[in-house]
Amino acid sequence: MRIIRLVFGLTFLLLISPAINAQKPVLTDEEVVAETVTKEIDEVFQSQEFTKKKNKKFAGVKGTMVIDISVVQNGKVATFFKVDSDIKNIDFINFMSSYILDHKFQFKLQKQQRYKIRYTITF
């Protein structure tokens, strides 16, 4: 009987441990949030998926964009705002906006927290 309980207990732990490890970390420090957002956005813009989509529709677009990104509690992008840009192609700016707004970060924030991060990207 004791062995059966032990086997059930170990099985339960093995099944629940990936779920525990898969939880997103909760960030509280504004500098850490800004650092993490910058790192993840860099990875997004350097990904093959983004590069492929950008080159398919906007191969000739070159320049620099300064944007503000607001991140809310569950790691979603709440707002995208173009602060300044050399790029005048409105379709590309809309493409960027929708691409970033669809992104979900790999972290969470505390309840009722919202951070705005200024980010500069050069294409």
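In what order do the 3 strands of the open sheet lie? The points below answer this and go through the helices and one loop residue.

1. This is a predicted model. Its open sheet is built from 3 strands in the order β3-β2-β5, with antiparallel pairing. β3 (77-85) and β5 (114-122) are the edge strands, and each of them pairs on one side only. From one strand to the next, the twist averages 20°.

2. Strand β2 (residues 64-72) is joined to β3 by 7 bridges, and the two run antiparallel. Within this pair, M65 has S85 of β3 as its bridge partner. Helix α4 (residues 90-101) packs on the sheet, where it touches β2 and β3. The direction of α4 makes about 150° with that of β3.

3. The pairing of β2 with β5 has 9 bridges, again with the strands running antiparallel. Here V71 stands opposite Y115 in β5. As general background, strands of a sheet pair through backbone hydrogen bonds, in either a parallel or an antiparallel way.

4. Helix α2 (residues 30-46) lies across β2 and β5 and runs at about 40° to β5. Strand β5 has two faces: Y115, I117, Y119 and I121 make up the covered one. The uncovered face of β5 consists of R114, K116, R118, T120 and T122. Y115, the residue opposite V71, thus belongs to the covered face.

5. How do helices α3 and α4 pack, in terms of which angle and axis distance? Helix α3 (residues 48-57) packs with α4 at an angle of about 155°, and their axes are 12 Å apart. Angles over 145 degrees count as roughly antiparallel, and α3 and α4 are therefore roughly antiparallel to each other. Their crossing is right-handed.

6. On the α3 side, the contact with α4 is made by E49, F50, K53 and K54. On the α4 side, F92, F95, M96 and Y99 take part. By class, this contact has 5 nonpolar and 3 charged residues, and no polar ones.

7. One backbone value deserves a remark. Q112 has a positive phi of about 65°, although this residue is not a glycine. Where does Q112 lie? Its place is the loop between β4 (108-109) and β5. Is Q112 buried or exposed? The relative accessible area of Q112 is 76%; the cut-off for exposed is over 50%, so Q112 counts as exposed.

How values were computed. Residues are numbered from 1 along each chain as its sequence is written. This is a predicted model: local features need pLDDT of at least 70, side-chain atom pairs count only at pLDDT 80 or more; totals for chains, interfaces and linings use all residues. Side-chain values use heavy atoms; hydrogens and water are left out. Two strands pair if DSSP finds at least two bridges between them. Helices (H or I, at least four residues) and strands (E, at least two) are DSSP runs, numbered from the N terminus. Axes are lines fitted to C-alpha atoms, for helices over the stretch in contact, and angles run from 0 to 180 degrees between N-to-C directions. Contact means heavy atoms within 4.5 Å. Buried means under 20% relative accessible area, exposed over 50%, partly exposed in between (1.4 Å probe, protein chains only). Angles under 35 degrees count as roughly parallel, over 145 as roughly antiparallel, 65 to 115 as roughly perpendicular and the rest as oblique. A crossing is left-handed if the near helix is turned anticlockwise from the far one by less than a right angle, and right-handed if clockwise. Ala, Val, Leu, Ile, Met, Phe, Trp, Tyr, Cys and Pro count as nonpolar, Asp, Glu, Lys and Arg as charged, and the others, Gly among them, as polar.
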